[in-house]
Amino acid sequence: MSKGKAVGLALTLALTAGLMSCVGRYGYAATRAADQTGDKLRVGTYESRSVALAWGRSERHNELVKQKMRQLEASKQAGDQATVAELERWGNEQQERLHAQVFGDAPIEEVLEALAEELPGIAEKSGVDVIVMGVAYQTANVQVVDVTDAMVEPFVPDEKTQKLM
């Protein structure tokens, strides 16, 4: 397993453990409180493939790639073969990862990191208490809200990207 995949898996497991801890500790009380008030826990979900596609076609992502390409060219000019190899490996891994995210079900950690500052605003604008990729089960006092469009919006998708999503 690559270092990046191991880090991603560790982050996913830590997040899941933290969420399960919160659910175990507060879930029953929150459910009981929602039952008594009639309020529903609003859970935002997103389609990871669409978010990854918007990221991969965004100007923000393109700037990252351009920066790496400039570094690659400078490293080639300087004869720094180690950096050239590292940047070429990054490019290949980036392309493979993005393909797996858009056409498969690979985790989108770096996309979520790119959205980290916007996520609280997305949650507030969407009126959700939490944002997760999907919900396997829910009780009657949980309302699931699709926040995919709100998560894609910061990447300013062009018309072609919107059609592909």
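**From a buried leucine to a three-stranded sheet**

Leu-87 is buried in this predicted model, because its relative accessible area of 9% falls under the 20% limit that the term requires. The residue belongs to helix H4, which spans residues 81-103. Once its neighbours within four places in sequence are left aside, the residues in contact with Leu-87 are Lys-68, Gln-71, Leu-72 and Ser-75. For one of these, Gln-71, the separation along the chain is 16 residues, while the C-alpha atoms of Gln-71 and Leu-87 lie 7.9 Å apart.

From helix H4 the reader may turn to the sheet. The sheet is open and consists of three strands, arranged in the order S2-S1-S3 with parallel pairing. Its edges are formed by strand S2, residues 130-132, and strand S3, residues 142-146, each of which pairs on one side only. From one strand to the next, the twist averages 30°. As a general matter, the strands of a sheet pair through backbone hydrogen bonds, in either a parallel or an antiparallel manner.

The pairings of strand S1 can be followed in turn. Strand S1, residues 41-45, runs parallel to S2 and is joined to it by three bridges; within this pairing, Gly-44 has Ile-131 of S2 as its bridge partner. Towards the other edge strand, S1 is joined to S3 by five bridges, and these two strands likewise run parallel, with Thr-45 standing opposite Asp-146 in S3.

Notes:
Residues are numbered from 1 along each chain as its sequence is written. This is a predicted model: local features need pLDDT of at least 70, side-chain atom pairs count only at pLDDT 80 or more; totals for chains, interfaces and linings use all residues. Side-chain values use heavy atoms; hydrogens and water are left out. Two strands pair if DSSP finds at least two bridges between them. Helices (H or I, at least four residues) and strands (E, at least two) are DSSP runs, numbered from the N terminus. Axes are lines fitted to C-alpha atoms, for helices over the stretch in contact, and angles run from 0 to 180 degrees between N-to-C directions. Buried means under 20% relative accessible area, exposed over 50%, partly exposed in between (1.4 Å probe, protein chains only). Contact means heavy atoms within 4.5 Å.
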